[in-house]
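This report describes the fold of a single protein chain in running text. Please keep the sequence and the structure in view while reading.

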Amino acid sequence: MKLPTVERIDEILKSDYENHVELTIFATEFVNWFTAKYGCSVVSAYRMMNQLENVYDYRFIRWFNG
């Protein structure tokens, strides 16, 4: 399956979150959603997440243990 563009993912997320300008989403939640929806690797999901943060005003919450 061809992966969508960063613009398309932005549209999908904003419609799901009622067009909030600044979205805060848990990184694991996004990765789980993206890999399940598009059947891709975790690496591809993280690449998309990084693109969303760089191109748009996304701030994904990452939890680190240690």
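Among contacts in the chain between residues at least 6 apart in sequence, what percentage join residues at least 24 apart? In this predicted model, the share is 57%.

**Overall architecture**

The chain contains three helices and two strands. Followed along the sequence, these elements appear in the pattern α-β-α-α-β. Of the 66 residues in the chain, 33% are buried. The accessible surface of the chain amounts to about 4,700 Å², and carbon and sulfur atoms account for 51% of that surface.

**The pair of helices α2 and α3**

Two packed helices are described by the angle between their axes and the distance between the axes. Helix α2 covers residues 27-38 and helix α3 covers residues 42-55. Their axes come within 9 Å and cross at roughly 120°. An angle that lies over 115 degrees but not over 145 falls outside the parallel, antiparallel and perpendicular classes, and α2 is therefore oblique to α3. The crossing of α2 past α3 is right-handed.

Which residues form this contact? On the side of α2 they are A27, F30, V31, F34 and T35. On the side of α3 they are V42, S44, A45, Y46, M48, M49 and L52. By type, the residues of the contact of α2 with α3 comprise ten nonpolar, two polar and no charged.

**Two buried residues**

The table below sets out two residues from other elements of the chain.

| Residue | Element | Relative accessibility |
|---|---|---|
| D10 | helix α1 (residues 6-16) | 8% |
| I25 | strand β1 (residues 23-26) | 3% |

A residue is classed as buried if its relative accessible area is under 20%. D10 therefore counts as buried, with a relative accessibility of 8%. I25 counts as buried because its relative accessibility is 3%.

With which residues is D10 in contact, leaving aside its neighbours within four places in sequence? The partners of D10 are L52, Y56 and Y58. One of these partners, L52, also belongs to the part of α3 that meets α2.

I25, in strand β1, offers an example of separation in sequence set beside distance in space. I25 and R62 are 37 residues apart in sequence, and the distance between them in space is 9.1 Å, C-alpha to C-alpha.

Conventions:
Residues are numbered from 1 along each chain as its sequence is written. This is a predicted model: local features need pLDDT of at least 70, side-chain atom pairs count only at pLDDT 80 or more; totals for chains, interfaces and linings use all residues. Side-chain values use heavy atoms; hydrogens and water are left out. Helices (H or I, at least four residues) and strands (E, at least two) are DSSP runs, numbered from the N terminus. Buried means under 20% relative accessible area, exposed over 50%, partly exposed in between (1.4 Å probe, protein chains only). Contact means heavy atoms within 4.5 Å. Accessible areas come from the Shrake-Rupley method with a 1.4 Å probe; for residues, only the protein chains shown count as cover. Axes are lines fitted to C-alpha atoms, for helices over the stretch in contact, and angles run from 0 to 180 degrees between N-to-C directions. Angles under 35 degrees count as roughly parallel, over 145 as roughly antiparallel, 65 to 115 as roughly perpendicular and the rest as oblique. A crossing is left-handed if the near helix is turned anticlockwise from the far one by less than a right angle, and right-handed if clockwise. Ala, Val, Leu, Ile, Met, Phe, Trp, Tyr, Cys and Pro count as nonpolar, Asp, Glu, Lys and Arg as charged, and the others, Gly among them, as polar.
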